[in-house]
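User: Please take a close look at the salt bridges in this model. I would like to know where the paired side chains sit and how exposed they are.

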Amino acid sequence: MSRLVLTVIGEDRAGLVASLADVVSAHDGNWEHSQMTELAGQFAGVVVVSVPAEKADALVAALRELDGLMDVAAHPGTEAPQEDAPRQLRIDLLGTDRPGIVREVSGVLHRHELSIEEMTTGSRDAPMAGGRLFEAHIVVRVGAEADPSVLRADLEQLAAELMVDLTVDEE
């Protein structure tokens, strides 16, 4: 089996996922994992599919036929690792929106050589205080050599500097 990572974007409208799923299924593909959302009027997503190796090229060619409905790019994936489930930390952040929050948080994670598994961010109106709130939910993979207490201390120091609420939980 071949694994492909598909990136998808198109003007948000009904039927986009169904059209993509039809093409994957027509090539005996298996939809393994996806994250999709509407962003600024565009429907965007990332999908991991597995497909029999002999049908991978035909699937990629068929995905090109979706042009006009959505743009789909296929990238080669790797086989799923057969290791024990890694330790993960979940980081939740909420505070007044301002430029640079993602850069600051990702910088701390990078200094600790941690890999982001998932990240969801957004902003919304602050109902009582006015202005905008920024929130982030991040899951990071923590290697055996990492010290979560040192990471937690660095993130708490950053939270104090940014004046945001932050929680870090081991999953």
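Analyst: Asp-28 and Lys-55 form a salt bridge through their side chains, with an N to O distance of 2.2 Å. Asp-28 belongs to the loop between α1 (16–26) and β2 (30–39), while Lys-55 belongs to the loop between β3 (42–51) and α2 (56–64), so the pair ties together parts that are 27 residues apart in sequence. The model is predicted, and the distances given here come from its atoms. Asp-28 is partly exposed, at 44% relative accessibility. Lys-55 is also partly exposed, at 28%.

The count for the model comes to seven salt bridges. Another of them joins the side chains of Arg-103 and Glu-104, at 3.3 Å from N to O. With a relative accessibility of 57%, Arg-103 counts as exposed, because the cut-off for that class is over 50%. Its partner Glu-104 has a relative accessible area of 27% and is partly exposed.

The side chains of Asp-125 and Arg-132 make a further salt bridge, with 2.8 Å between N and O. In this pair the acidic residue, Asp-125, is exposed at 55% relative accessibility. Arg-132, at 36%, falls in the partly exposed class.

A charged side chain in another setting is that of Asp-92, which lies in strand β5 (residues 87–96). Asp-92 has a relative accessible area of 18% and is buried, because that class takes in values under 20%. Two polar contacts involve the side chain of Asp-92. One is with the side chain of Arg-90, at 3.2 Å. The other is with the side chain of His-137, at 2.5 Å. Leaving aside residues up to four places away in sequence, Asp-92 touches Ala-136, His-137, Asp-165, Leu-166 and Thr-167. His-137 therefore appears both as a polar partner of the Asp-92 side chain and among the residues that Asp-92 touches.

One position outside these pairs can be added. Val-150 is part of helix α4 (residues 148–162) and is partly exposed, at 39% relative accessibility. Its C-alpha atom is separated by 20 Å from that of Met-163, which is 13 residues away along the chain.

To return to the request, the bridge between Asp-28 and Lys-55 links two loops, and Asp-28 and Lys-55 are both partly exposed. In the other two bridges described, one partner is exposed, namely Arg-103 and Asp-125, and the other is partly exposed, namely Glu-104 and Arg-132.

Note on methods. Residues are numbered from 1 along each chain as its sequence is written. This is a predicted model: local features need pLDDT of at least 70, side-chain atom pairs count only at pLDDT 80 or more; totals for chains, interfaces and linings use all residues. Side-chain values use heavy atoms; hydrogens and water are left out. A salt bridge is a side-chain nitrogen of Lys or Arg within 4 Å of a carboxyl oxygen of Asp or Glu. Helices (H or I, at least four residues) and strands (E, at least two) are DSSP runs, numbered from the N terminus. Buried means under 20% relative accessible area, exposed over 50%, partly exposed in between (1.4 Å probe, protein chains only). A polar contact is a pair of N or O atoms within 3.5 Å; within protein, one must be able to donate a hydrogen and the other to accept it, and residues adjacent in sequence count only if both atoms are side-chain atoms. Contact means heavy atoms within 4.5 Å.
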